[in-house]
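Here is a short briefing to read with the model open beside you. Take a moment to turn it around before going on.

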Amino acid sequence: MGRLDEALSWFERAAEAGDTEALRIAAEQLTKAGRLDEAENLRRYGREPDRMIAHVWTP
């Protein structure tokens, strides 16, 4: 309903509480919203300690 960013913070809290499906569902919602790059990065790399979606990096 137009509140995806708010929902993403709830998915993050659920993941931290042990919900193993929360980030998968978050990625699905990002895909539905057309935020494909964010969804793919979340699926592949997860989240950073600061809760931002991680991106590919090279050492």
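Which exposed residues does helix 3 carry on the face turned away from its buried side? They are Leu36, Asp37 and Arg44, where exposed means over 50% relative accessible area, buried means under 20%, and partly exposed is in between (1.4 Å probe, protein chains only). Helices here are DSSP runs of H or I with at least four residues, numbered from the N terminus.

This is a predicted model, in which local features need pLDDT of at least 70, side-chain atom pairs count only at pLDDT 80 or more, and totals for chains, interfaces and linings use all residues. Residues are numbered from 1 along each chain as its sequence is written, and side-chain values use heavy atoms, with hydrogens and water left out.

**The two sides of helix 3**

- Helix 3 spans residues 36–45, and its buried residues are Ala39, Asn41 and Leu42.
- These buried residues lie on the same side of helix 3 because they cover an arc of only 165 degrees around the axis, taking the directions from the helix axis to the C-beta atoms.
- They pack against helix 2, residues 22–32; contact means heavy atoms within 4.5 Å.

**How the helices pack**

- Helix 2 and helix 3 pack at an angle of about 160 degrees, and their axes are 8 Å apart. Axes are lines fitted to C-alpha atoms, for helices over the stretch in contact, and angles run from 0 to 180 degrees between N-to-C directions.
- That angle makes helix 2 roughly antiparallel to helix 3, a label for angles over 145 degrees.
- Helix 2 passes helix 3 in a left-handed crossing, in which the near helix is turned anticlockwise from the far one by less than a right angle.
- On the helix 2 side, the residues that meet helix 3 include Leu23, Ala26 and Leu30; their partners in helix 3 include Leu36, Ala39 and Leu42.
- Helix 1 and helix 2 pack at about 165 degrees with their axes 8 Å apart, so they are roughly antiparallel to each other.
- Their crossing is left-handed, and the contact involves, among others, Leu4, Leu8 and Phe11 of helix 1 and Ala22, Ile25 and Gln29 of helix 2.

**The nonpolar core**

- The largest nonpolar core has ten residues: Leu4, Leu8, Phe11, Ala22, Ala26, Ala27, Leu30, Ala39, Leu42 and Ile53. Such a core is a set of buried Ala, Val, Leu, Ile, Met, Phe, Trp, Tyr and Cys residues joined through side-chain atoms within 4.5 Å.
- Helix 1 (4–16), helix 2 and helix 3 each give two or more residues to this core, and helix 2 provides the largest share, four residues.
- Leaving aside neighbours within four places in sequence, Leu42 is in contact with Leu23, Ala26, Ala27, Leu30, Arg47 and Ile53.

**Residues to find for yourself**

- Ile53 is in the segment after helix 3 and counts as buried because its relative accessibility is 12%. Its contacts, not counting neighbours within four places in sequence, include Leu30, Asn41 and Leu42.
- Glu12 lies in helix 1 and is buried at 10% relative accessibility. Not counting residues up to four places away in sequence, Glu12 touches Leu23, Arg47 and Arg51.
- Arg51 is found in the segment after helix 3 and is partly exposed, at 40% relative accessibility.
- Phi of Arg51 is near 75 degrees, a positive value in a residue other than glycine. Most residues other than glycine have a negative phi.
- Gly46, just after helix 3, also takes a positive phi, about 75 degrees.

Conventions. Parallel < 35°, antiparallel > 145°, perpendicular 65-115°, else oblique.
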